[in-house]
Amino acid sequence: MRVFLRTGSASLRCAVLSGRKHALTTFSAAAAARTPCANRFVRLRHNASLSGRPAENAATSTEEQKRAQQEATKTYGRFRTLVLGRYDLVMCTSRSWAAKGDEYQAFGVNSKLDFDREVKLFRKSIERACDLASEKHAISRGENPLFWTLRNAFIENEMPGLVDEMVFAFQNFLMRSKFPKNIAATHKKIADFRFPYEWYPATRALQRTIHLHVGPTNSGKTYNALKALENAKSGIYAGPLRLLAHEVYTRFLAKGKKCALITGEEQRIPENEDNYFRSCTVEMTPLNYQVDVAVIDEIQMIGDIERGWAWTQAFLGVQAKEVHLCGEERAVELIQSLCATIGDKCVVTRYNRLSPLETMSESINNWDSLEKGDAVITFSRVGIHALKGQIESATGRRCAMVYGSLPPETRAQQAALFNDPDNEYDFLVASDAIGMGLNLEIKRVIFEQTHKRTKTGYRRISTSELKQIGGRAGRYRTARQVAKAGSDSDNHEEGTIAPSKPGQPGLVTALEYADLRVVREAFTREPEPIKSAGIQPPPSVIERFSTYFPPNTPFSYIIARLRDIARTSPRFHLCFLGEMLTIADLVQPFPMSVYDRCVLLNAPAYLREKQGAQVLQAFARCVSKMEGGDLLDIPEVDLELLDIDEGEFRRDPAEYLRRLEGLHKTITLYLWLSYRYSGVFRSQNLAFHVKELVEARIDDHLGKVNVTRAKRRARLEAIRKKATVSERMVERVLGEESTVDGPQHELSGDWNEEGHEEPLFDDPQELEPITRLEPNSRAKRTGRGYRENARANS
């Protein structure tokens, strides 16, 4: 159908040391017991010092410390076995001399003999690091950096993360003597990131006032910040989701104000206008314009382990006389400290929730218990459509849907249907995007699940996320109520109009009791304060750093090395590289500038499927050659899917949805690149058209999906078990204190999704229960393919 648019391991044979067996098999019963780590020593000493009978407790305390030391020794001994076993396996297979000899030569290893010697030497380094942790309980970054990085990688991403970090550490080991002292000193000077605010000299020349609006959901903080933006002559709004950027964009247009919408994949710029407001996703915040007011939403995300850099960049770099930051109380101390350092005045305004909020003592259990005004929360579009069908079938009443990737007009229509008390739309199914603000009259929030996918599995959603989403229950007063009362108020989701029925609480619960326990626990705790802001080195720094390495040095090693030797102050952290290392390796074969490589590192690549990696490499080839980017000329783009009728996938509807998702991700990446390489990826209009066709097919397909409650329930139970097994496995290896030492995840949605919103499906297993589709027309093919028709019409 491409044409239509131009018309309009190998088996393992090497010996693995005996430790491998223990690393790859089930732990013994003794190893499975939860064991405390060395951090308990501090608590033991503290308890002894507080005791009223020091003499009597001294012996007890000594015994407990001795026992804790023995348990810690066992704990890190198990981790040692795991690491060494996996190291031996990797070095015999995927990272062997036969597999990666060309790459190792870039590190100065020129023969298999040299390689084998280096492998043995690095293995001894791992042994020493693990022994240091086991015997001396040295596990901090300062005391034992190799152990610290391997431990954190394993906690964050389990075995894949451990392997990735191990590979980098080995590469780093190979380069240990390649640079003279003066060059090594220069490296460290380049990697001095203690003062990232100096990266924005034009902004530092301004005297800014920072207004920090903090409080829980439904407290009016964003409403007041946006009023300041409306009253300005020029300004910027920066939010975490396209949904929010689009909401502000349409709000300003409705008020007759010129406004641009700027996201990674779409830009709507007013024609023939020089002065206009800009509403954007946070990473797209323009830093080269002077404006009166800037609003940066959800400022607590500045502490995110992977993407906090986008909020830090916007906060430190935006050239605005007034900067309004909206978020949670736990960001206050960090922001005040940064303002004091850069010389900006900081004004903190605290808000209280405008209506009470309570967690319920019972879960819902079945759809018959739903009440009018209930909102059920899940984390994928497949899940949303599956729940809608189940609820309507079980209750005989209508259910609206709201999620970020819905077309804005459809989303507004669905919200209006749910908000209207006089129609049959009693319930709502929504994604976690509602936690970021939508005008919805929700009486009760019901979590269908409390786990979200990660790169390697699932994690329990954080206390902050649960409170953010659950806080949408019990809206203080919505736009419909205001209009009905004849009040002169704004249509934004966090208005401050007095309630007609004060004191009515919002309620929060879960579908299953197992998840309700997680929800109730979260609402009894306060999230940890944000201790540091994420940063990412500018391309200019990476360009300069890369000049000190041989031409064939893998770019993934260069950026990982920069991260490894970087110096930061306690108020900043380098963001976790995530998929950047994988992207760097995928585009390594294509010659291009360091700047171009840095651009591709942040591209919304779809690496969950093999096809996504192939598409990324195809696009990288176009960037390398600076040509060949016409959409119809790239065979890796699966436009042939548009020639196939849905009915041909009747036996495997999941495969159809997977291919649609892959094509949609491909087009999203193409559009993202078209705004950065407009002379190469020139088929932007065609890409938007294909995107509309694919989205229409996805929506049509989702509307026919049928998943039974029993199968959906079984899948959620499997997710809970998988997450529990993962947590216990990490605890078995690393003990009770098996948490990441540093910043955590703060983001909602999925950063690599279009608009940073919810995914189509969590993982391929979510599609397996789709056993049938509603009746459809007979399968048919067009006379000519999409490519052929498109070429004919070009």
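This passage walks through a few local features of a predicted model: a set of paired strands, some aromatic rings, two charges over rings, one buried residue and a pair of packed helices.

A good place to start is strand E3, which covers residues 259-262. In a regular strand the side chains alternate between the two faces of the sheet. Strand E3 shows such a division: Cys259 and Leu261 point one way, while Ala260 and Ile262 point the other way. Residues on both sides of E3 are buried. The strand has two partners to look at in turn. With strand E5, made of residues 277-281, strand E3 runs parallel, and four bridges join the two. One residue to find here is Ile262, whose bridge partner in E5 is Cys280. With strand E4, residues 267-268, the pairing of E3 is antiparallel and rests on two bridges. Here Leu261 stands opposite Arg268 of E4. Strands E3 and E4 form a hairpin, and four residues lie between them.

Attention now turns to the aromatic rings. The structure holds 24 aromatic pairs. In one of them, the ring centres of Trp97 and Phe115 are 6.0 Å apart and the planes meet at 45°, so the pair is tilted. Trp97 belongs to helix H6 (residues 97-105) and Phe115 to helix H7 (residues 112-136), so this pair ties together parts that are 18 residues apart in sequence. Are these two residues buried or exposed? Trp97 has a relative accessible area of 19%, and residues under 20% count as buried, so Trp97 is buried. Phe115, at 3% relative accessibility, also counts as buried.

A second pair brings in Phe122 and Phe173. Their ring centres lie 5.3 Å apart with the planes at 50°, so this pair is tilted. Phe122 is in helix H7 and Phe173 in helix H8 (residues 145-174), so the pair ties together parts that are 51 residues apart in sequence. Phe122 counts as buried at 3% relative accessibility, and Phe173 is buried with a relative accessible area of 13%. The residues of both pairs appear in a cluster linked by ring pairs, made up of Tyr87, Trp97, Tyr104, Phe115, Phe122, Phe170 and Phe173.

Rings also meet charged side chains in this model. The charged end of Lys452 sits over the ring of Phe379, at 5.4 Å from the ring centre. Likewise, Arg563 lies over the face of Phe168, 5.1 Å from the centre of that ring.

Next comes a single residue and its surroundings. Ile583 is part of helix H22, which spans residues 580-587. With a relative accessible area of 3%, Ile583 is buried. Which residues does Ile583 touch, not counting those up to four places away in sequence? The contacts are Leu600, Leu601, Ala603, Ala605, Leu607 and Leu616. For Leu600, which is 17 residues from Ile583 along the chain, the C-alpha atoms of the two residues are separated by 7.5 Å.

The last feature is a helix pair. Two packed helices are described by the angle between their axes and the distance between the axes. For helix H17 (residues 463-470) and helix H19 (residues 513-522), the angle is about 95° and the axes are 9 Å apart. Angles of 65 to 115 degrees count as roughly perpendicular, so H17 and H19 are roughly perpendicular to each other. Where the two helices meet, Thr463, Leu466 and Lys467 of H17 face Val518, Val519 and Ala522 of H19.

Definitions and conventions:
Residues are numbered from 1 along each chain as its sequence is written. This is a predicted model: local features need pLDDT of at least 70, side-chain atom pairs count only at pLDDT 80 or more; totals for chains, interfaces and linings use all residues. Side-chain values use heavy atoms; hydrogens and water are left out. Buried means under 20% relative accessible area, exposed over 50%, partly exposed in between (1.4 Å probe, protein chains only). Two strands pair if DSSP finds at least two bridges between them. Rings of Phe, Tyr and Trp (its six-membered ring) pair if their centres lie within 6.5 Å; planes under 30 degrees apart count as stacked, over 60 as edge-to-face and the rest as tilted. A charge sits over a ring if NZ of Lys or CZ of Arg is within 6 Å of the ring centre and within 35 degrees of the ring normal. Contact means heavy atoms within 4.5 Å. Axes are lines fitted to C-alpha atoms, for helices over the stretch in contact, and angles run from 0 to 180 degrees between N-to-C directions. Angles under 35 degrees count as roughly parallel, over 145 as roughly antiparallel, 65 to 115 as roughly perpendicular and the rest as oblique.
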